[in-house]
Amino acid sequence: MKNSLITFGEIMTRFNPSNNLRLSQSMPGSLDITFAGCEASVAVSYSVLGGDSSFVSALPKNSLSDACISNLKSFGVHTNKIIKTDSGRLGAYYLETGSNQRASKVEYDRYGSSISVINPKNYNWKNILQKKTWLHISGITPALSENAFEATLQSVQTAKSLGLRISCDLNYRGKLWKWHDNLISKELARTKMPDILNYVDVLIGNEKDAEDVLNIEIPEANFNEGGININEYPAIAKKINDEYPNIKLIAITLRESISANHNRWGAMLYDTSDDSSFYSPKKNNKYIPYEITNIVDRLGAGDSFAAALIFSINHLNLNNSKALDFAVAASCIAHSIQGDYNITTVNEIEKLAEGFTSGRVVR
């Protein structure tokens with residue numbers, strides 16, 4: 001189908017204490033439960049925006065998976081290519097939502113998940129990718145296991161042979177990439193991700209991903225204090241393109257973390273065809289990031305950025321500047337929505353991109 005998106009990755013149950021409680025305060029007791037995962041979040045957001053999206057994964061044959069699939073379908077995501085298997089389990093993660101100077105914290109419980117143990121040969125990528133126009137993956141899935149890495153690599157190889165556009169969110173996770181006996185996480189990521197990146201058209205990430213995965217450092221960056229130097233980013237994008245000339249667009253999200261509740265948010269988009277850079281949001285032709293001072297939930301913000309960027313290019317056919325404005329506005333709004341999924345409409349995004357920031361009631 002024209003302008004259709006397909007994503008491949010792991011979906012999990014997300015357990016989250018309410019009201020900024022810590023897990024030790026909430027367990028035993030009640031936790032909020034939703035479904036979450038980078039690529040699933042992109043598929044949901046793309047569908048909510050009005051696009052045609054599909055999600056591919058491997059899930060165990062049980063009622064938890066049935067509930068997960070029903071949830072995806074409720075947002076209009078096609079799930080008919082998900083593999084149901086007797087192997088593995090549904091992964092999970094636990095989120096403590098931080099506040100003020102206490103950072104949010106994620107604990108993974110995803111070892112032995114179905115997508116990490118299933119044989120890569122079980123995916124018939126030629127059949128799965130037929131009639132699709134865009135494949136989105138991330139650096140999280142290949143970090144799960146050697147099997148998941150091989151499946152991801154085969155997906156991009158087949159997609160390239162079929163003429164799909166391919167996007168990848170680097171999404172380095174230091175708690176993953178544990179499947180090699182002789183390499184630590186960062187070494188393994190730097191060894192394996194280039195095999196995948198050689199097939200990518202649109203690369204998405206942040207400054208820390210560039211350092212951790214691509215071994216490209218940004219001068220004067222201070223990740224622990226949340227500081228950035230935006231003047232360095234075009235040169236960093238150029239270095240990435242020198243390593244991977246196949247990449248057409250490089251998007252780098254710009255997050256300044258003042259506290260767990262207060263972030264400044266924006267992004268840069270670099271077009272490798274003419275060495276041009278775009279920043280958003282801008283005021284009077286100057287980059288002025290969104291001030292997000294009461295964050296509800298920041299997990300999934302990067303996924304909402306990716307979904308909106310893909311939608312703006314693949315569906316709305318916006319130019320680079322407008323596409324970036326749309327993606328940054330969408331991901332800004334995502335910080336106000338509980339859960340990983342960005343349940344935001346095109347109209348809401350366009351209003352914010354046009355400067356409607358007051359939050360007044362729309363009647």
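## Residue G302

G302 is part of helix α11. This is a predicted model. The relative accessible area of G302 is 26%, so G302 counts as partly exposed, a class that falls between under 20% for buried and over 50% for exposed.

How far apart are G302 and I11 in sequence and in space? The two residues are separated by 291 residues in sequence, and their C-alpha atoms lie 16 Å apart. I11 appears again below, in the lining of the second largest cavity. Helix α11 also appears again, as it supplies at least two residues of the lining of the largest pocket.

## The chain as a whole

The chain contains 13 helices and 17 strands. Its C-alpha trace spans about 55 × 50 × 45 Å along the principal axes. The radius of gyration is 19 Å, which agrees with a compact globule, because a globule of 363 residues would have a value near 21 Å.

Of the 363 residues, 56% are buried. Among contacts with a separation of 6 or more, 71% are between residues 24 or more positions apart. The chain exposes about 16000 Å², and carbon and sulfur atoms supply 46% of that area.

## The largest pocket

Rolling a probe the size of a water molecule over the atoms shows where empty space is left. The largest pocket holds about 1700 Å³ of space. It is lined by 50 residues, and those closest to its centre are R173, N206, R255, R298 and L299.

Which elements supply at least two residues each to this lining? The helices are α2 (38-49), α9 (207-214) and α11 (301-314). The strands are β7 (92-96), β8 (105-109), β11 (202-206), β12 (249-257) and β13 (263-271). Helix α9 gives the most, with four residues. By class, the lining of the largest pocket has 16 nonpolar, 17 polar and 17 charged residues.

## The largest cavity

How many cavities of 30 Å³ or more does a search of the whole structure find? The search finds two. The largest cavity has a volume of about 70 Å³. Its lining consists of 13 residues, and L170, G205, N206, I240 and I252 lie nearest its centre. The elements that give two or more residues to this lining are β11, α9, α10 (233-243) and β12.

The largest share of the lining comes from β11, with four residues. Strand β11 also supplies at least two residues to the lining of the largest pocket. N206 is named for both spaces: it is among the residues closest to the centre of the largest pocket and among those nearest the centre of the largest cavity. By class, the lining of the largest cavity has 10 nonpolar, two polar and one charged residues.

## The second largest cavity

The second largest cavity has a volume of about 30 Å³. Its lining is made up of E10, I11, S57, A58, L59, R89, L90, G91, S113, S114 and I115. The elements that give two or more residues to this lining are β5 (58-60) and α4 (114-117).

What is the make-up of this lining by class? The lining of the second largest cavity has five nonpolar, four polar and two charged residues.

Conventions. Residues numbered from 1 in each chain as written. Predicted model: local features only at pLDDT ≥ 70, side-chain atom pairs only at ≥ 80, totals over all residues. Heavy atoms only, no water. 1 Å grid on protein atoms, 1.4 Å probe; cavity = no way out; pocket = protein on both sides within 12 Å on 5 of 7 lines; lining within 4 Å. Points joined across faces, edges and corners; volume = space filled by probe spheres on them. Nonpolar A, V, L, I, M, F, W, Y, C, P; charged D, E, K, R; others polar. Rg over C-alpha atoms; globule rule 2.2 N^0.38 Å. Buried < 20%, exposed > 50% of the residue type's maximum accessible area, 1.4 Å probe, protein only. Contact = heavy atoms within 4.5 Å. Areas by Shrake-Rupley, 256 points an atom, 1.4 Å probe, with all protein chains shown as cover.
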